[in-house]
Amino acid sequence: MTLDEELDRGAKAERLMRDPMLIEAFIQLDEYYTEAWKDSPLDGKKDRETIFLYLSALREVRAHLTQIAKTGELAASQRDAMTRTAIS
(Lines give C-alpha, C1' and ligand atoms only; values in the text may rest on other atoms or scores of the structure.)
Protein backbone atom coordinates (compact mmCIF):
# COMPACT_ATOMS: atom_id res chain seq x y z
CA MET A 1 0.00 0.00 0.00
CA THR A 2 1.29 3.45 -0.81
CA LEU A 3 1.99 6.11 1.78
CA ASP A 4 -0.96 8.17 0.52
CA GLU A 5 -3.26 5.17 0.82
CA GLU A 6 -2.08 4.55 4.39
CA LEU A 7 -2.67 8.22 5.22
CA ASP A 8 -6.18 8.09 3.75
CA ARG A 9 -7.09 4.86 5.53
CA GLY A 10 -5.70 6.18 8.80
CA ALA A 11 -7.71 9.39 8.53
CA LYS A 12 -10.91 7.44 7.76
CA ALA A 13 -10.35 5.09 10.70
CA GLU A 14 -9.66 8.05 12.98
CA ARG A 15 -12.92 9.72 11.88
CA LEU A 16 -14.82 6.50 12.55
CA MET A 17 -13.28 6.10 15.98
CA ARG A 18 -14.34 9.66 16.87
CA ASP A 19 -17.86 9.33 15.47
CA PRO A 20 -20.31 9.67 18.38
CA MET A 21 -22.67 7.02 16.98
CA LEU A 22 -19.89 4.46 16.62
CA ILE A 23 -18.53 5.27 20.08
CA GLU A 24 -22.02 4.83 21.50
CA ALA A 25 -22.49 1.55 19.62
CA PHE A 26 -19.21 0.12 20.93
CA ILE A 27 -20.01 1.15 24.51
CA GLN A 28 -23.59 -0.08 24.48
CA LEU A 29 -22.79 -3.40 22.82
CA ASP A 30 -19.88 -4.02 25.17
CA GLU A 31 -22.10 -3.30 28.18
CA TYR A 32 -24.96 -5.40 26.80
CA TYR A 33 -22.79 -8.45 26.08
CA THR A 34 -20.95 -8.13 29.39
CA GLU A 35 -24.22 -7.99 31.32
CA ALA A 36 -25.67 -10.89 29.32
CA TRP A 37 -22.57 -12.93 30.16
CA LYS A 38 -22.79 -12.04 33.86
CA ASP A 39 -26.52 -12.83 33.98
CA SER A 40 -26.27 -16.12 32.16
CA PRO A 41 -27.37 -19.19 34.13
CA LEU A 42 -24.77 -21.56 35.55
CA ASP A 43 -25.79 -24.23 33.08
CA GLY A 44 -25.64 -21.78 30.14
CA LYS A 45 -22.14 -22.66 28.98
CA LYS A 46 -23.07 -22.55 25.28
CA ASP A 47 -24.72 -19.14 25.71
CA ARG A 48 -21.67 -17.77 27.56
CA GLU A 49 -19.37 -19.05 24.83
CA THR A 50 -21.50 -17.35 22.16
CA ILE A 51 -21.57 -14.09 24.12
CA PHE A 52 -17.80 -14.32 24.57
CA LEU A 53 -17.41 -14.65 20.80
CA TYR A 54 -19.57 -11.56 20.28
CA LEU A 55 -17.49 -9.58 22.79
CA SER A 56 -14.27 -10.80 21.21
CA ALA A 57 -15.44 -9.81 17.72
CA LEU A 58 -16.52 -6.37 18.94
CA ARG A 59 -13.15 -5.79 20.56
CA GLU A 60 -11.31 -7.05 17.46
CA VAL A 61 -13.16 -4.54 15.27
CA ARG A 62 -12.23 -1.74 17.65
CA ALA A 63 -8.60 -2.90 17.78
CA HIS A 64 -8.46 -3.17 13.99
CA LEU A 65 -9.72 0.37 13.50
CA THR A 66 -7.27 1.62 16.13
CA GLN A 67 -4.39 -0.14 14.36
CA ILE A 68 -5.34 1.39 11.00
CA ALA A 69 -5.47 4.85 12.62
CA LYS A 70 -2.04 4.33 14.19
CA THR A 71 -0.62 3.14 10.88
CA GLY A 72 -1.93 6.37 9.36
CA GLU A 73 -0.16 8.35 12.09
CA LEU A 74 3.08 6.52 11.33
CA ALA A 75 2.60 7.23 7.62
CA ALA A 76 2.16 10.93 8.43
CA SER A 77 5.38 10.89 10.47
CA GLN A 78 7.18 9.15 7.63
CA ARG A 79 5.86 11.68 5.11
CA ASP A 80 6.97 14.55 7.36
CA ALA A 81 10.44 13.03 7.73
CA MET A 82 10.70 12.60 3.97
CA THR A 83 9.64 16.22 3.46
CA ARG A 84 12.23 17.48 6.00
CA THR A 85 14.92 15.38 4.31
CA ALA A 86 13.97 16.72 0.88
CA ILE A 87 14.13 20.31 2.14
CA SER A 88 17.55 19.85 3.77
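Hi everyone, this is a short walk through one protein and one of its residues.

Before we start, please keep in mind that what you see is a predicted model.

Let's begin with the overall build. The protein has three helices and zero strands, so if you trace the elements from the N terminus, you read α-α-α.

Now, what about the overall dimensions? Along the principal axes, the C-alpha atoms fill a box of roughly 70 × 25 × 15 Å. The radius of gyration is 19 Å, whereas a compact globule of 88 residues would come in near 12 Å.

How do the contacts spread along the chain? Taking the contacts with a separation of 6 or more, 73% join residues that sit 24 or more positions apart.

On to the surface. About 6900 Å² of the protein is accessible, and carbon and sulfur atoms hold 59% of that area. Of the 88 residues, 20% are buried. As for charges, there are 13 positive and 17 negative ones, and their mean positions lie 3 Å apart.

Let me finish by zooming in on Asp30. You can find Asp30 in helix α2, which covers residues 20-38. Is Asp30 buried or exposed? Asp30 counts as buried, because its relative accessibility is 18% and the cut-off for buried is under 20%. And which residues does Asp30 touch, once we set aside its neighbours within four places in sequence? Those contacts are Leu55, Leu58 and Arg59.

That's the tour, so do have a look at Asp30 in helix α2 on your own screens. Thanks for listening!

Technical notes
Residues are numbered from 1 along each chain as its sequence is written. This is a predicted model: local features need pLDDT of at least 70, side-chain atom pairs count only at pLDDT 80 or more; totals for chains, interfaces and linings use all residues. Side-chain values use heavy atoms; hydrogens and water are left out. Helices (H or I, at least four residues) and strands (E, at least two) are DSSP runs, numbered from the N terminus. Buried means under 20% relative accessible area, exposed over 50%, partly exposed in between (1.4 Å probe, protein chains only). Contact means heavy atoms within 4.5 Å. The radius of gyration is taken over C-alpha atoms; the globule rule is 2.2 Å times the number of residues to the power 0.38. Accessible areas come from the Shrake-Rupley method with a 1.4 Å probe; for residues, only the protein chains shown count as cover. Lys and Arg count as positive and Asp and Glu as negative; His and the chain ends are not counted. The place of a charge is taken as NZ of Lys, CZ of Arg, CG of Asp or CD of Glu.
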